[in-house]
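Here are a few notes to help you find your way around this one. Have the view open and follow along point by point.

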Amino acid sequence: MFLNGPRSVLAVVAAALWLTSWTATATDSHTVDGRVRAHLASLRGDLDPRAVATLDRVDGLGRQLLAARSYLRAGAALGERWGWSQAQIDRYEGSALQRALESEIARVRAAFEAENPGYTLWVNPQVRSVERQVERWNENPSVAASAEAMLAVIRREVAMSKAPRPGSAAAREWFSTQLRSAVPTPTPTLAAPGLSRHGRMQAVDFQVKQGERLVAGPSQADIAPVWEAQGWCERLVRAVRLTSARFEGPLVTPNEPWHYEYEAPADVAVARTGP
């Protein structure tokens with residue numbers, strides 16, 4: 001290697017300094033992520049076994065942190081909110097609960113069609129299994145963005161000199177507090193796997209169709225130009241308000257004009273236990 005004057009020497013020095021800085025940063029990041037993983041692993045004993053098993057199928061440290069936050073915040077209510085098992089989904093098929101929901105949807109659909117000739121409402125009749133919730137969680141862009149931001153926040157906390165090393169009960173409590181208090185930004189458009197109300201048919205997504213053509217679907221990209229600009233949000237709200245006291249919505253945070261939560265009649269029994 002030949003150096004041609006002071007500028008060449010400075011260039012080499014600058015390159016060496018940059019390489020040293022980059023290497024140190026990469027090493028530090030790896031070390032911090034290792035500590036984050038160790039802290040997260042220490043929480044497994046505090047979580048419902050179903051949540052632990054689900055976390056094992058979540059892709060990436062950021063998404064795992066985001067899901068773990070929801071499980072911690074759910075606390076003792078997690079069992080009541082957890083999605084149905086396959087056995088429970090099988091029992092739902094043809095049950096009084098399913099018939100009650102379908103009847104409620106039919107009333108809303110009839111009112112909507114009467115005020116919007118040529119258009120109808122479609123609702124996916126399938127329960128969203130925990131497995132499907134995991135798949136959606138792993139591929140959803142809003143979850144990815146929120147998970148990246150969450151990981152950055154937790155990295156900063158773990159890297160601080162006052163942060164305890166993972167392993168002790170005090171460290172576990174400290175890390176749990178960091179996760180519980182962190183605010184996901186942006187707000188994910190999905191509930192953490194296992195906690196979606198779609199997993200117990202306590203929520204539905206209405207979609208507007210014209211024949212076989214989907215006019216307004218459950219897509220963030222459709223909110224401004226379709227649901228709002230074309231008035232479908234207001235038309236759906238009107239149909240629901242005219243016919244049903246069992247649907248509450250639409251969802252405001254995050255903004256989902258198609259999402260309505262459903263409360264079944266008190267006299268409709270549904271299995272809440274079992275494999």
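1. Is T189 buried or exposed? Bear in mind that this is a predicted model. T189 has a relative accessibility of 17%, and the cut-off for buried is under 20%, so T189 counts as buried.

2. Where to look for it: T189 sits in a loop, the one that runs between helix 9 (169-181) and strand 2 (203-210).

3. Now for the neighbours. Leaving aside residues up to four places away in sequence, T189 touches N140, S142, Q220, P254 and E256. Two of these come up again as polar partners: the T189 side chain makes a polar contact of 2.8 Å with the side chain of S142, and another of 3.4 Å with the side chain of N140.

4. Follow the chain on to strand 2, where the loop ends. Strand 2 runs antiparallel to strand 3 (residues 213-216), with 3 bridges joining them. One pair to pick out is K209 with its bridge partner L214 in strand 3. These two strands make a hairpin with 2 residues between them, and G211 in that turn has a positive phi of about 65°.

5. Strand 2 has another partner to check: strand 5 (residues 259-262), again antiparallel and over 3 bridges. Here A203 stands opposite E261.

6. Stay on E261 for a moment, as E261 is also the bridge partner of E248. That takes you to strand 4 (residues 247-248), which pairs with strand 5 in the antiparallel sense over 2 bridges.

How values were computed. Residues are numbered from 1 along each chain as its sequence is written. This is a predicted model: local features need pLDDT of at least 70, side-chain atom pairs count only at pLDDT 80 or more; totals for chains, interfaces and linings use all residues. Side-chain values use heavy atoms; hydrogens and water are left out. Helices (H or I, at least four residues) and strands (E, at least two) are DSSP runs, numbered from the N terminus. Buried means under 20% relative accessible area, exposed over 50%, partly exposed in between (1.4 Å probe, protein chains only). A polar contact is a pair of N or O atoms within 3.5 Å; within protein, one must be able to donate a hydrogen and the other to accept it, and residues adjacent in sequence count only if both atoms are side-chain atoms. Contact means heavy atoms within 4.5 Å. Two strands pair if DSSP finds at least two bridges between them.
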